[in-house]
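Q: I am new to this structure and would like to learn how to read it, beginning with its strands and then turning to its ligand. Could we take one feature at a time?

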Amino acid sequence: MDIHADIPLKNFTTFKLGGPAKAFAEIHSAQDVVQAYQYAKANQLPFFVLGGGSNVIAHDEGYTGLIMHMRIAGFEVVADDSFSTTIKIGAGEAWDSVVQRAIQMRLAGIEAMSGIPGTAGAAPVQNVGAYGQEIADTLQSVDAYDTQTETFVTLTSEQCGFSYRNSIFRSSDMGRYIIISISLRLSKSAPQPPFYDSLQKYFDDHKITIYTLEIVRNAVLDIRTSKLPDPKILPNAGSFFKNAIVEDWQLTDIRAQYPNLPLFDMGDGHFKVPTGWLIEQAGFKGKLLHGIRVNDKNSLVLINEAATGYGDLAAARDEIIGAVRDTFRIQIEQEPLEIS
Ligand code: NAP
């Protein structure tokens, strides 16, 4: 495994910002993980595991540590019964090609997560989800290098501490584990209604009444293409803000003022409020702020149209967060992790 110096992070992040990484290693195996970690430790460098770079933001000054660029491949059936097949997937596999291969094998459970950029190993970190499915629903276990004990461990789904778009990997145990593979238990059943509202609407609009995995995939890809800018053409990091989770009491005044406030009851005294709607109501839809464009089809997405650096993004982000707070008294948060 080679360690490279001064690799520009803007070439490895879809937001196309970021200065050089002091050290950079391509990780192709579990052995590379150990070697890279030992290199970082010996040289007293922090490390950061980078997947597809689609949900991270890098700073202008770059990174003073070691970037481990996760490239571990693998797609292997490890268990099979009449109802399900379990597949172990290398952390560096592109998530969407995993979805495609699962569908080709007639395996269900991740088809609604079609078209999500990034790697398989990054998927559990934020409990990736879309259109009614999330990875916590099918994930059996995660194999990882535990930097605390310097051993390889297998974490069960329960141990991953999944909640809405969150896990131990980006909260309580952030930076501790280097994920090398994930195992998903996928179902042999055909997709069945009820579907997520916007997916059902798509089926109704297109008069689709027979549901196969391919039909679900194509519908999701079509919906995504109509709402989300292609990062290859317009640099972006997908949803730049998390959807807001609020308590009932926070909504009393807002409901009175905005009777059409979209709300989803999470069943535990909390409600999900689409942050895209809040940003739109605060007047930012389609606006250009400091070289950052608020997407006109989905205000959750920020596009790097002409930012001169991280400072422009931070200024645009803080302006949006401040305006939503002043308008709704709801504190919204950035979704992408920062390389720092
Ligand atoms: P959308 O479909 O316009 O929905 C906006 C918000 O409303 C989301 O919080 C969504 O919850 C919620 N919602 C809509 N219908 C719902 C229902 N029937 N029951 C409960 N909640 C409902 O969202 P979008 O921004 O265009 O994104 C499409 C999908 O991609 C969503 O599922 C979103 O979560 C997902 N996505 C995931 C990530 C990620 O994993 N980091 C990033 C971007 C988008 P849900 O979030 O629970 O769906």
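A: Let us begin with pairing: two strands pair if DSSP finds at least two bridges between them. In this model, which is predicted, strand β14 (residues 244-247) and strand β16 (residues 270-273) pair in the antiparallel sense over four bridges.

Q: Which residue in β16 does Ile 245 stand opposite?

A: Ile 245 stands opposite Lys 272 in that strand, and Lys 272 is also listed among the closest residues to the ligand.

Q: How should I read the two faces of β14, and which residues are on the covered one?

A: In a regular strand the side chains alternate between the two faces of the sheet. In β14 the covered face holds Ala 244 and Val 246, while Ile 245 and Glu 247 belong to the uncovered face.

Q: How many residues surround the ligand, and which are the closest?

A: The ligand is surrounded by 18 residues, and the closest are Gln 126, Tyr 164, Tyr 196, Lys 227 and Lys 272. By character, the shell divides into eight nonpolar, five polar and five charged residues, and at least three residues come from each of domain 2 (75-187) and domain 4 (236-339).

Q: Which side chains place polar atoms at short listed distances from the ligand?

A: For polar contacts, one looks for a pair of N or O atoms within 3.5 Å. An N or O atom in the side chain of Tyr 164 is 2.5 Å from an oxygen atom of the ligand, and for the side chain of Lys 227 the distance from a ligand oxygen atom is 2.5 Å. Glu 335 has a polar side-chain atom 3.0 Å from a nitrogen atom of the ligand. Taken alone, the ligand exposes 800 Å², and the protein buries 77% of that.

How values were computed:
Residues numbered from 1 in each chain as written. Predicted model: local features only at pLDDT ≥ 70, side-chain atom pairs only at ≥ 80, totals over all residues. Heavy atoms only, no water. Near = heavy atom within 4 Å. Polar contact = N/O pair within 3.5 Å; in protein donor to acceptor, adjacent residues only side chain to side chain. Areas by Shrake-Rupley, 256 points an atom, 1.4 Å probe, with all protein chains shown as cover. Nonpolar A, V, L, I, M, F, W, Y, C, P; charged D, E, K, R; others polar. Domains from an automatic or database assignment. Buried < 20%, exposed > 50% of the residue type's maximum accessible area, 1.4 Å probe, protein only.
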